[in-house]
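Take the sequence and the structure together. Begin at the ligand, then follow the chain into the core.

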Amino acid sequence: MVYIRGNPLDFERWQDEGAGRWGYANVLPFSRRAEARDEGGDAYHGDSGPLHTRHGNLTNPMHAAWTKAAAEAGYHPCGTCRIGRTDDPLAVVDSELKVIGLAALRVVDSSVMPSVTTGNLNAPTIMIGEKGADHIMGKPLLATANAEYHIADSLREGQR
Ligand SMILES: Cc1cc2nc3c(=O)[nH]c(=O)nc-3n(C[C@H](O)[C@H](O)[C@H](O)COP(=O)(O)OP(=O)(O)OC[C@H]3O[C@@H](n4cnc5c(N)ncnc54)[C@H](O)[C@@H]3O)c2cc1C
């Protein structure tokens with residue numbers, strides 16, 4: 001499994017589209033909490049979560065050649081129950097993942113993503129699970145993060 005927590009711009013776009021408190025600074029602490037990285041924790045990476053990660057050991061030049069030959073834009077279907085403002089006719093759940101108009105039902109999976117992401121879905125889905133669990137338990141949200149992050153130039157203007 002490739003652990004890609006997502007392009008920070010995806011989360012910023014979600015927030016712009018009405019998913020309050022789902023910007024990258026809001027969600028990064030939940031991704032860190034979920035992770036236990038062999039190389040240790042830092043501003044991006046956790047060191048004591050349930051999800052074990054390590055750098056891939058791709059030293060053979062054949063790996064890069066294979067990746068280049070096999071690369072494709074797979075897209076990642078998601079977003080049938082998007083987070084949004086309660087006055088957004090396309091929104092299904094609010095910012096705490098409660099189904100708008102119903103009293104006691106939440107959705108906590110990749111269907112709440114307000115728009116299709118640029119990268120893989122598994123790590124952001126786990127982050128949604130972490131943050132959703134805190135909403136369900138009524139816990140205060142983790143403090144926002146201020147870690148700087150890298151954005152590839154090719155991803156600044158739009159999705160792949
Ligand atoms: C072959 C494959 C390889 C992948 N590889 C990667 C990868 O390398 N890296 C990565 O980041 N992501 C990868 N993904 C994507 C990742 O697995 C998914 O994005 C992620 O699991 C989505 O989580 P989810 O909770 O939204 O949905 P799911 O994990 O699909 O969970 C939905 C759950 O809801 C249940 N369900 C459905 N309908 C109902 C119903 N009516 N009532 C009750 N339960 C229901 C299902 O049984 C399922 O357990 C891969 C996916 C596939 C299929």
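The ligand is surrounded by M1, V2, I4, D109, S110, S111, N120, L121, N122, A123 and T125. A residue counts as near the ligand if its C-beta atom, placed from the backbone, lies within 6 Å of it. The shell divides into 5 nonpolar, 5 polar and 1 charged residue. Here Ala, Val, Leu, Ile, Met, Phe, Trp, Tyr, Cys and Pro are nonpolar, Asp, Glu, Lys and Arg are charged, and the others, Gly among them, are polar.

This is a predicted model: local features need pLDDT of at least 70, side-chain atom pairs count only at pLDDT 80 or more, and totals for chains, interfaces and linings use all residues. Residues are numbered from 1 along each chain as its sequence is written.

Now the interior. The largest nonpolar core (buried Ala, Val, Leu, Ile, Met, Phe, Trp, Tyr and Cys residues joined through C-beta atoms within 7 Å) has 20 residues. W14, W22, V27, I83, V93, V112 and M127 have the most contacts inside it. Two or more residues each come from α1 (8-16), α2 (24-34) and α4 (122-137). The largest share, 5 residues, is from α2. Helices (H or I, at least four residues) and strands (E, at least two) are DSSP runs, numbered from the N terminus.

Look at V27. Beyond its neighbours within four places in sequence, V27 is in contact (C-beta atoms, placed from the backbone, within 7 Å) with F11, W22, M127 and K131.

M127 leads to α4. Buried there (20 or more other C-beta atoms within 10 Å of a residue's own) are A123, P124, T125, I126, M127, I128, E130 and K131. Their cover includes α2 and β2 (51-53). After α4 comes G138, with a positive phi near 70°.

Methods:
A residue is buried if 20 or more other C-beta atoms lie within 10 Å of its own, exposed if 12 or fewer, and partly exposed in between; C-beta atoms are placed from the backbone. Two residues are in contact if their C-beta atoms, placed from the backbone, lie within 7 Å.
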